[in-house]
Amino acid sequence: LAAGQGDRALALLHDRVVTDFLNDPASPEPLDLSTVDPSVLAGAPGRLLAVAVDLLLQGDIARGGGYLDLLERAQPAIPPESRLAAQVEMARATRYMMAGQADQGVDAIRAARAIRDRGQFADEWVAAAPMELLRVFTWLEDFQAVEREVATALAAPELTEPVKLVMVAGARALALLESGRLAEAAEVARAAEAEARRLGFDQHFWSVDYRRTLAGLALEQRDLDTAEQLTEQVLSIAERRRPP
């Protein structure tokens, strides 16, 4: 972008935005898109999608959603059975989930998975679906579905070690807490905490779920000081990226 090569920059973004999200514990600085010619985006749906996803992963729901809306009018239109169409559905799912629109998020993920299955292609964007579904099924108190998505995530070769050992484990710990399985929740949360420290993700927003679990467990034990401390950590981490 600094060199004025907007098209090349956005091609790199599309190739790397989800990959880096699944691997890198450091949040990148927001992109300065002021130098990008809007015509570059208008005529290239993949580039437009990359910008939308980058903004959503940064926690900017309004701007990311605005770029997603532009995709509806993008030309050429996205082929409905393409990998790009599946990725658009996943981006929509992320937007819905961040806004708390659980049913719409699930529908979008199902649509993305259906496109992938019909096309018989692998895609890390679609493989990341459990990262959203673990939360929505916890909201809906469908704990059997949570366990199914845990198994799906752990079996997905596209998902990285930090995703499986920190994010998935933390989300599962929170679901176990919500379902009243306190001893299991404690075991899973402490394991996720240890892995987050080992992998350098202990200040990443993926650490929010296991911290919320440990806070809930402390509250159950009437250890109010620990519960308060952990909850303050959750708020401090979440407000910088994606408040749950």
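The following questions and answers concern charged residues in a predicted model.

Me: How many salt bridges does a search of the whole structure find?
Reply: Side chains of opposite charge can pair when their charged atoms come close. Here a side-chain nitrogen of Lys or Arg has to lie within 4 Å of a carboxyl oxygen of Asp or Glu. Searched in this way, the whole structure yields a count of 16.

Me: Is Asp-123, which meets Arg-83 in a salt bridge, buried or exposed?
Reply: The side chains of Asp-123 and Arg-83 meet with an N to O distance of 3.5 Å, and the pair links distant parts of the chain, with Asp-123 in the loop between H6 and helix H7 (124-127) and Arg-83 in helix H5 (residues 83-98), 40 residues apart. Arg-83 has a relative accessibility of 37% and therefore counts as partly exposed. Asp-123 has a relative accessible area of 6%, and because buried means under 20%, the class of Asp-123 is buried.

Me: How far apart in sequence are the parts tied together by Arg-172 and Glu-147?
Reply: The side chains of these two residues form a salt bridge at 3.0 Å, N to O. Arg-172 lies in helix H10 (residues 161-178) and Glu-147 in helix H9, so the salt bridge ties together parts of the chain whose separation in sequence is 25 residues.

Me: Which residues are joined into one network by salt bridges that share partners?
Reply: A network of this kind arises where salt bridges have partners in common. In this model the residues joined in one such network are Glu-72, Glu-89 and Arg-92.

Me: Which residue forms a salt bridge with Arg-116?
Reply: Arg-116 counts as partly exposed at 22% relative accessibility, and its partner, at 47%, also counts as partly exposed. The closest N and O atoms of the pair are 3.1 Å apart, and the partner is Asp-117.

Me: What distance separates the side chains of Arg-113 and Glu-149 in their polar contact?
Reply: Arg-113 is found in helix H6 (residues 102-119), and its relative accessible area is 18%, so it is buried. The side chain of Arg-113 is joined to that of Glu-149 by a polar contact of 2.9 Å.

Me: Where is Glu-141, a residue with a positive phi although it is not a glycine?
Reply: The phi of Glu-141 is about 60°. Glu-141 has a relative accessibility of 59% and so counts as exposed. Its place in the chain is the loop between helix H8 (129-139) and helix H9 (143-155).

Me: Is Arg-222, in the loop between H12 and H13, buried or exposed?
Reply: Arg-222 is a residue other than glycine with a positive phi, near 60°, and it is found in the loop between H12 and H13. Its relative accessibility is 65%, and because exposed means over 50%, the class of Arg-222 is exposed.

Me: How far apart in space, C-alpha to C-alpha, are Arg-212 and Gln-233?
Reply: Arg-212 lies in helix H12 (residues 208-220), where it is partly exposed with a relative accessible area of 35%. Arg-212 and Gln-233 are 21 residues apart in sequence, and their C-alpha separation is 9.2 Å.

Me: Which residues gather in a patch of negative charge on the surface?
Reply: One member of the patch, Glu-228, lies in helix H13 (residues 224-238). The residues gathered there are Asp-223, Asp-225, Glu-228 and Glu-232.

How values were computed. Residues are numbered from 1 along each chain as its sequence is written. This is a predicted model: local features need pLDDT of at least 70, side-chain atom pairs count only at pLDDT 80 or more; totals for chains, interfaces and linings use all residues. Side-chain values use heavy atoms; hydrogens and water are left out. Patches are made of residues with over 30% relative accessible area and no salt bridge: like charges are joined within 9 Å, nonpolar side chains (Val, Leu, Ile, Met, Phe, Trp, Tyr) within 5 Å. Accessible areas come from the Shrake-Rupley method with a 1.4 Å probe; for residues, only the protein chains shown count as cover. Lys and Arg count as positive and Asp and Glu as negative; His and the chain ends are not counted. The place of a charge is taken as NZ of Lys, CZ of Arg, CG of Asp or CD of Glu. Helices (H or I, at least four residues) and strands (E, at least two) are DSSP runs, numbered from the N terminus. Buried means under 20% relative accessible area, exposed over 50%, partly exposed in between (1.4 Å probe, protein chains only). A polar contact is a pair of N or O atoms within 3.5 Å; within protein, one must be able to donate a hydrogen and the other to accept it, and residues adjacent in sequence count only if both atoms are side-chain atoms.
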